[in-house]
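Biologist: I have the chains open on my screen and would like a guided tour. Could we take it one question at a time?

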There are 4 protein chains.
Amino acid sequence: MVQKVWGGRFKEETDVLVNKFNASIGFDQRLYAQDIEGSIAHCLMLARQGIITDDEASQISNALRTIKRGLDRGEFRLDDSYEDIHTFVEKTLIEKIGAIGEKLHTGRSRNDQVALDIRLYVRHVIEKILGLIKEVETSFILLADNNFDVVMPGYTHMQRAQPVLLAHHLLAYYEMLKRDEKRYEETLKRVNILPLGSAALAGSTFDLDREMVAKELGFEGISQNSMDAVSDRDFVLDFLFSSSVLMMHLSRISEELVIWSSQEFGFVLISDAFCTGSSIMPQKKNPDLPELIRGKTGRVYGDLISLLTAMKGLPLSYNKDMQEDKEALFDAVDTVEICLLVMARLLGNVSFSSERMRAASEKGFLTATDLADYLVRKGMTFREAHEVVGKIVLFAIENKKELHELTLHEMKSFTIRIDEDVYDWLDTISCINRRNIPGGTGSDMVRKSIARAKEELGI
Amino acid sequence: MVQKVWGGRFKEETDVLVNKFNASIGFDQRLYAQDIEGSIAHCLMLARQGIITDDEASQISNALRTIKRGLDRGEFRLDDSYEDIHTFVEKTLIEKIGAIGEKLHTGRSRNDQVALDIRLYVRHVIEKILGLIKEVETSFILLADNNFDVVMPGYTHMQRAQPVLLAHHLLAYYEMLKRDEKRYEETLKRVNILPLGSAALAGSTFDLDREMVAKELGFEGISQNSMDAVSDRDFVLDFLFSSSVLMMHLSRISEELVIWSSQEFGFVLISDAFCTGSSIMPQKKNPDLPELIRGKTGRVYGDLISLLTAMKGLPLSYNKDMQEDKEALFDAVDTVEICLLVMARLLGNVSFSSERMRAASEKGFLTATDLADYLVRKGMTFREAHEVVGKIVLFAIENKKELHELTLHEMKSFTIRIDEDVYDWLDTISCINRRNIPGGTGSDMVRKSIARAKEELGI
Amino acid sequence: MVQKVWGGRFKEETDVLVNKFNASIGFDQRLYAQDIEGSIAHCLMLARQGIITDDEASQISNALRTIKRGLDRGEFRLDDSYEDIHTFVEKTLIEKIGAIGEKLHTGRSRNDQVALDIRLYVRHVIEKILGLIKEVETSFILLADNNFDVVMPGYTHMQRAQPVLLAHHLLAYYEMLKRDEKRYEETLKRVNILPLGSAALAGSTFDLDREMVAKELGFEGISQNSMDAVSDRDFVLDFLFSSSVLMMHLSRISEELVIWSSQEFGFVLISDAFCTGSSIMPQKKNPDLPELIRGKTGRVYGDLISLLTAMKGLPLSYNKDMQEDKEALFDAVDTVEICLLVMARLLGNVSFSSERMRAASEKGFLTATDLADYLVRKGMTFREAHEVVGKIVLFAIENKKELHELTLHEMKSFTIRIDEDVYDWLDTISCINRRNIPGGTGSDMVRKSIARAKEELGI
Amino acid sequence: MVQKVWGGRFKEETDVLVNKFNASIGFDQRLYAQDIEGSIAHCLMLARQGIITDDEASQISNALRTIKRGLDRGEFRLDDSYEDIHTFVEKTLIEKIGAIGEKLHTGRSRNDQVALDIRLYVRHVIEKILGLIKEVETSFILLADNNFDVVMPGYTHMQRAQPVLLAHHLLAYYEMLKRDEKRYEETLKRVNILPLGSAALAGSTFDLDREMVAKELGFEGISQNSMDAVSDRDFVLDFLFSSSVLMMHLSRISEELVIWSSQEFGFVLISDAFCTGSSIMPQKKNPDLPELIRGKTGRVYGDLISLLTAMKGLPLSYNKDMQEDKEALFDAVDTVEICLLVMARLLGNVSFSSERMRAASEKGFLTATDLADYLVRKGMTFREAHEVVGKIVLFAIENKKELHELTLHEMKSFTIRIDEDVYDWLDTISCINRRNIPGGTGSDMVRKSIARAKEELGI
């Protein structure tokens with residue numbers, strides 16, 4: 001027999017398959033702590049408002065705390081014999097303290113209750129995720145700091161473009177993660193609104209003190225419209241989108257770790273403990289972790305599309321379709337948490353081959369832009385300089401030389417503006433440090449960025 | 001200690017978190033029957049080709065069957081101490097029969113093994129889903145048959161358009177489901193190809209008889225390129241897409257059941273056993289099932305996007321990202337199976353209000369097209385007839401009458417072509433039966449369609 | 001001959017098909033105003049920093065303004081003979097003023113230039129969209145105000161639940177739109193960052209004053225890492241997500257307008273000027289506009305998925321894939337703008353049938369919750385009250401009566417706690433006004449919400 | 001004044017904004033040839049059935065052909081003054097031949113007409129796309145044939161795994177494209193069904209010969225249910241999905257071309273004519289084409305999601321939301337066509353560096369699996385062999401040697417089963433040719449695959 005909080009109006013027993021299909025306890029049990037926290041706040045307020053007595057409130061909240069402890073310890077079996085976690089908590093409460101427990105749901109509906117529980121839950125996970133993002137950021141900053149002198153080719157279109165500091169490259173990811181933080185923090189603001197008091201859809205008929213409950217639960221404000229409050233899942237969408245962008249960022253890091261781990265690049269070495277092997281090829285050491293993170297990106301995108309689709313075209317107010325918010329949410333939470341954790345640890349277990357990176361940055365005409373800029377300083381217009389250097393590069397390719405390997409005579413055959421000082425100018429480190437502009441790869445600037453990041457991270 | 005099928009080349013023990021993140025046994029255990037089925041076929045072939053002895057093959061396959069029975073009975077604990085289900089089966093085999101078990105993996109890699117397992121699994125679930133689709137189709141045909149005389153308004157843009165038979169409306173869903181069948185059957189063809197023998201990516205060095213294994217496992221053919229075979233997940237995408245379209249169809253049926261259940265429409269009554277109530281509103285009887293099916297549509301779309309994203313831009317051949325095919329697949333399988341089952345049962349528990357449907361089909365000028373067609377038969381061009389009838393409708397609205405309530409005099413004031421016979425012409429049943437064209441709502445045609453469907457379904 | 005800003009290094013002419021495929025001018029011409037605005041700011045700064053002379057800057061910026069005016073007037077033919085709008089502007093400049101124009105690109109790359117242009121563009125469209133959202137909000141508030149006395153059934157699961165004010169229902173959408181505003185404003189903050197100075201990827205070698213350019217262009221700050229700056233499209237994703245949620249909200253309004261326009265509901269009448277007809281059915285008047293808005297929701301979701309997919313797994317820094325940000329962005333901009341405009345106008349052209357809404361709210365036991373709350377006030381626990389009222393409702397259904405049509409005797413047979421005062425209690429207006437809690441449908445509360453909204457909107 | 005085919009019932013003129021928003025002629029003009037082809041077949045049938053005269057049919061069809069020629073030549077201005085292309089054609093016909101033209105729409109609605117037009121269009125584009133796929137397939141086969149002797153490392157996880165023939169790698173893409181062909185062909189079957197005769201939704205009242213029209217237009221059959229026929233867009237979804245998978249395949253090829261073009265890999269050289277440069281970096285030669293194809297993958301995924309979303313939860317039968325099928329379809333068609341064309345041409349303009357590929361395949365222990373298989377042949381179990389070879393590889397790494405560079409003595413220290421014959425066994429070409437199993441990389445097998453492909457392609 002399935003336990004429900006409705007039924008007086010029904011003549012037939014619910015079909016077994018229907019119970020199974022309809023029940024959410026299989027997944028919404030994850031909300032039990034939030035459900036009880038919300039119920040306690042609600043019941044204290046009911047007492048303060050004189051809707052129940054202080055003694056009743058005390059009995060109810062004590063019993064709820066006991067149930068919470070039991071759930072923490074795994075003492076209950078949460079199966080499909082309850083419709084959902086809300087029903088389980090209420091029914092268990094009534095079993096424990098009898099009729100007084102039947103008063104808890106006064107002035108409340110599952111519609112506003114579930115909205116409350118998810119908000120409390122999302123608030124909780126965002127705080128956790130913010131901590132994990134900081135761990136990944138810290139990993140990046142430590143890597144940047146510890147490898148400050150490493151020079152590498154900066155790429156566009158996967159083609160070597162200009163030499164940069166590896167630290168500068170790593171700091172780009174720090175910036176992305178800072179935006180992710182910001183996005184989650186903004187989501188948090190929209191999450192942190194109390195829906196309780198909206199009841200089924202039209203507001204409660206009892207004289208509830210919503211502000212008191214909001215304060216008790218640490219919310220920043222109360223919802224302004226009951227019909228919106230019970231049918232609003234924007235904040236879950238916000239969370240799923242923030243998570244999608246975060247995963248996209250992680251997928252980019254991952255792509256680079258995979259490519260850099262290839263024998264052809266050989267830029268990075270992931271420690272044995274963070275790689276896996278093959279069941280058939282004894283020599284294989286595979287960068288499974290970044291591959292898996294990259295692969296899991298699609299999963300969070302899917303969670304986002306799932307809820308966007310479910311919400312499309314729903315009339316007001318609550319519709320059962322919205323129950324589908326939870327599994328998408330939980331899947332994204334689990335995915336994001338483990339991926340951040342793994343990424344933070346993984347970054348602590350890589351080592352860079354500064355020799356291969358340096359060598360790569362010195363082959364492929366990465367200083368061609370600097371040569372053009374040199375010519376501008378010698379009086380050419382930028383467009384003309386660009387054209388001239390393009391021709392010099394073509395000449396160098398055909399003669400299998402790098403730019404700094406050309407003789408002054410060879411260079412001068414393209415333009416007389418080139419002088420002996422060009423060789424110093426084309427030195428890789430000079431090229432890097434010349435970009436001494438805010439946001440640039442010049443080592444002073446990068447050093448400042450690391451310092452700023454350390455301050456932000458408190459490390 | 002986690003058990004793996006690699007490691008000789010590794011100096012450090014795999015990190016605990018890595019094992020947890022990397023392990024797929026938490027979900028791929030669902031493939032155990034397929035894994036063992038495939039292994040037995042492989043080992044028989046190894047013996048036939050003289051790569052192992054008949055006695056070894058017999059020991060291996062017997063032990064595998066024992067393991068299968070143990071798994072069927074839930075005798076093993078499948079936790080993260082094994083990397084995946086393939087490792088579990090192989091390690092358990094070796095525990096049972098020692099070194100002989102170590103020969104099973106000869107000429108095989110997990111890359112082609114997992115491709116095989118998923119193919120066997122998808123084949124299995126498609127067959128199951130085809131059966132469930134037939135159940136829903138049967139429900140529709142029985143409903144159509146049992147409510148053959150029910151007349152209802154056909155809608156476009158949710159506006160009453162022309163009267164139709166309810167049976168005709170229901171048969172539209174039958175057609176959609178027939179296409180779904182077709183789509184799964186086509187998927188099946190692409191699934192039913194043996195990848196084994198591709199080994200890691202380049203093909204096996206052993207003299208395997210792939211055709212024999214294919215025959216043994218009931219495949220229609222063997223894969224033609226080993227690198228493609230281990231990195232191909234098209235058939236999973238095919239499955240996810242077929243499932244997305246199916247869910248879209250179910251969402252349309254569901255939308256109609258929800259709307260028709262509203263008090264305003266009152267076209268359909270879902271039995272108590274297939275509805276649920278409210279924790280606060282004692283009068284509520286909600287059509288949760290169709291709402292939930294509609295809501296789950298997004299979930300399967302999400303699964304599709306998840307894998308499409310994961311596969312985007314992956315170089316050849318196998319990459320770990322592909323491990324993410326499984327949970328999306330399993331989630332879609334579970335969703336589609338339960339939704340079909342629920343829909344089939346739900347359709348057996350609805351009753352239609354033929355009075356309300358009939359009444360609705362007689363209000364709202366649903367016969368206006370027939371009046372225009374009447375005028376065409378009296379010699380007007382269709383465009384002129386359309387314009388004239390538009391004006392008559394406007395007149396009728398302003399005079400709060402239906403078309404058949406207008407006097408002949410009133411009608412003749414718009415065109416003298418209208419005669420007394422117009423009243424018979426505008427009768428709802430006449431309008432329906434006039435559409436006696438293949439595919440039309442005329443009762444002869446609908447009767448034929450039901451008969452054809454019954455034959456197709458063997459009912 | 002296609003005009004390009006590169007080529008010195010190339011030996012072969014670009015293939016015609018390649019030019020066609022590669023060229024973005026077909027769509028990025030939309031950015032011309034932003035491109036020129038950015039170029040002028042860049043050139044003024046170059047002069048201030050002494051990289052070009054004041055006179056050169058003056059010639060360049062004047063010529064750019066002339067080109068802008070020409071483009072405004074449609075005087076140029078922007079075809080595939082230019083690679084992109086940036087090339088067009090620079091080439092046209094050089095045509096006009098010769099070699100001096102060749103200096104404009106000093107210290108700049110198309111990579112940071114295009115990032116700048118899109119940021120300026122997105123900033124511009126967000127401001128426009130914020131204005132349009134306010135128009136829709138205003139439409140809602142005016143509708144709510146003008147129909148303040150209209151009572152309607154509040155729905156959950158499309159089933160009548162509790163009576164509410166139509167104004168309260170409409171205000172729910174106001175709340176959604178307020179969140180949309182907020183989301184776009186947050187996006188704006190992330191948009192409003194200057195990327196210029198990042199050059200190709202590593203920062204410029206010239207002594208650019210980035211802060212000056214930022215101030216000139218009204219940006220709030222400058223990007224902190226050049227590699228991130230040229231490969232960051234987060235802000236476009238933010239925009240597409242904000243737009244997806246907005247469209248989801250519009251799809252919900254639209255769904256309701258379509259359903260309410262059905263003959264069965266008959267709650268709303270859209271004026272002829274905002275409906276369309278049928279080519280065959282002369283009587284049809286279809287709510288095409290809300291249907292089309294609802295249908296366009298998927299389109300913006302698609303734009304979001306398009307860019308999320310394109311960005312997945314891209315290594316640093318700029319990759320050509322990112323060119324695909326623009327058409328998705330432009331499509332979403334056009335869709336959102338027209339849908340908001342149409343919705344604002346449409347809402348000004350609907351009228352509600354207060355009779356049908358009122359009648360609907362009085363049939364279907366919408367006061368059952370209030371009866372339960374009544375019993376709570378008479379001393380019952382809520383759960384008991386819910387059960388009792390469920391039974392009363394069942395009795396009423398079987399006797400074809402509404403709750404207020406039951407005799408006191410009949411009611412008392414379920415519980416003696418019911419007295420004569422129950423009839424006043426069950427009055428629809430009483431039920432509404434009893435929800436006199438912040439966020440509830442009580443008329444005082446709704447009046448306050450309207451007043452607050454008017455203040456926010458300045459109307 | 002906008003021209004419409006309805007209006008008699010309307011009192012107010014349609015709002016200008018509504019016309020703009022509602023009109024589809026801006027994009028559905030692409031269907032003009034199909035619209036006219038369908039109309040001619042319809043009118044011939046009307047005459048055959050005696051609904052219009054032969055003379056009328058002749059006048060109508062001649063005029064339609066004239067209009068078609070005018071449209072071919074761009075003689076008409078198709079702006080928003082017509083609601084859609086169907087209205088344009090009909091109105092223009094009536095202008096040309098007067099009242100007789102007003103008879104064309106007899107027995108037809110735009111609902112079945114537009115379904116017909118899209119089907120004819122999709123059939124047309126699939127045929128075109130099938131041709132383009134064959135071109136890409138041909139490019140692959142020619143590349144494989146012309147580079148038959150090139151040896152390269154096969155990769156899993158982007159790590160060198162086993163040596164393969166480049167031709168074998170290229171043939172993997174041939175297999176993918178063969179599946180794409182199949183998928184489009186299956187779509188074609190579902191497309192090739194005549195919807196005409198379904199009229200608005202319920203079937204026509206005229207005695208139409210649907211089979212005759214189907215035959216005339218080359219359809220394989222007629223739709224079986226009119227309500228389904230006007231609200232079915234499955235075939236467009238089928239097309240969008242087939243296109244999504246195709247793009248996913250192209251994105252994988254593209255990823256490889258991009259990675260292989262990197263200086264680090266240096267496996268492939270794309271000719272100058274198929275690359276582009278940088279506005280700032282004179283040395284850059286970027287693989288824009290594969291990047292852009294990869295980026296456009298998301299676009300087609302977005303088109304698919306767009307229509308899946310639009311169709312979700314739509315009640316029967318036609319709803320205006322469905323108008324949103326067209327732009328998603330057209331966008332996907334354009335994207336797929338150009339990407340295939342570019343890919344076919346691009347593949348004809350690449351050259352492989354057989355030296356770098358060969359060198360890469362000889363470094364990284366790619367023969368380790370073969371060494372394990374060797375030990376199996378010498379009597380070891382596979383698992384033991386795998387473990388032993390893992391240890392040999394570790395030893396080799398630490399001694400900076402490849403496997404074939406180890407002395408026999410060194411190898412024997414791991415197992416005495418290794419003999420002098422191991423050196424021949426570990427030769428790269430031997431390793432390749434040992435995989436002489438159907439689907440394997442052995443050169444005999446690859447040669448057969450190329451021969452088979454040539455036969456299939458008729459080259």
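Biologist: Let's start with a loop: where does Ser317(C) lie?
Modeller: I go by DSSP runs numbered from the N terminus, with helices being H or I of at least four residues and strands E of at least two. By that count, Ser317(C) falls in the loop between H11 and H12 of chain C.

Biologist: Before we go on, what kind of model is this?
Modeller: Residues are numbered from 1 along each chain as its sequence is written, chains are lettered from A and ligands numbered from 1 in the order in which they are written, and side-chain values use heavy atoms, with hydrogens and water left out. Local features need pLDDT of at least 70 and side-chain atom pairs count only at pLDDT 80 or more, while totals for chains, interfaces and linings use all residues, since this model is predicted.

Biologist: Back to that loop: what is the omega of the peptide bond that joins Leu316(C) and Ser317(C)?
Modeller: Most peptide bonds are trans. The one from Leu316(C) to Ser317(C) is cis instead, and its omega is about -10 degrees.

Biologist: And in chain A, which residue follows Leu316(A) across a cis bond?
Modeller: Look in the loop between helix H11 (288-311) and helix H12 (325-347) of chain A. The peptide bond there is cis with omega near -10 degrees, and it runs from Leu316(A) to Ser317(A).

Biologist: Which non-glycine residue in the loop between strand E3 (193-194) and helix H8 (210-216) of chain C has a positive phi?
Modeller: Most residues other than glycine have a negative phi. In that E3-to-H8 loop of chain C, a phi of about 55 degrees belongs to Ala199(C).

Biologist: How spread out is chain A, by its radius of gyration?
Modeller: Chain A has 19 helices and 6 strands. The globule rule (2.2 Å times the number of residues to the power 0.38, with the radius taken over C-alpha atoms) gives 23 Å for 459 residues. Chain A is well over that, so it is more spread out than a compact globule, with a radius of gyration of 30 Å.

Biologist: What box do its C-alpha atoms fill?
Modeller: Take the directions along the principal axes of chain A. The box is then roughly 100 × 55 × 40 Å.

Biologist: What kind of axis relates chain C to chain D?
Modeller: Copies are superposed by least squares on the C-alpha atoms of residues with pLDDT of at least 70 in both. A turn of 180 degrees with a shift of 0.0 Å along the axis lays chain C on chain D at an RMSD of 0.0 Å. That is the relation of a two-fold axis.

Biologist: Which residue of chain C comes closest to that axis?
Modeller: The distance is taken from the C-alpha, and here it is 1.9 Å. The residue is Gly302(C).

Biologist: How much area is buried between chain C and chain D?
Modeller: Contact means heavy atoms within 4.5 Å, and 64 residues of chain C are in contact with 64 of chain D. Phe21(C), Ser279(C) and Leu292(C) supply 13% of what chain C buries there, more than any other three residues. Counting accessible area (1.4 Å probe) lost when the two parts are put together, summed over both, the total is about 5,700 Å².

Biologist: Which element gives the most to the side of chain C that touches chain D?
Modeller: The rule finds 12 salt bridges (a Lys or Arg side-chain nitrogen within 4 Å of an Asp or Glu carboxyl oxygen) across this interface, including one between Arg299(D) and Glu327(C) at 2.8 Å, N to O. Helix H1 (16-22), helix H11 (288-311) and helix H12 (325-347) of chain C each give two or more residues. The most, 16 residues, come from H11(C).

Biologist: Now chain A against chain C: how many salt bridges cross that interface?
Modeller: Here 107 residues of chain A are in contact with 108 residues of chain C, burying about 9,300 Å², with 59% from carbon and sulfur atoms. One of the bridges pairs Glu90(C) with Arg383(A) at 2.5 Å, N to O. The count across the interface is 16.
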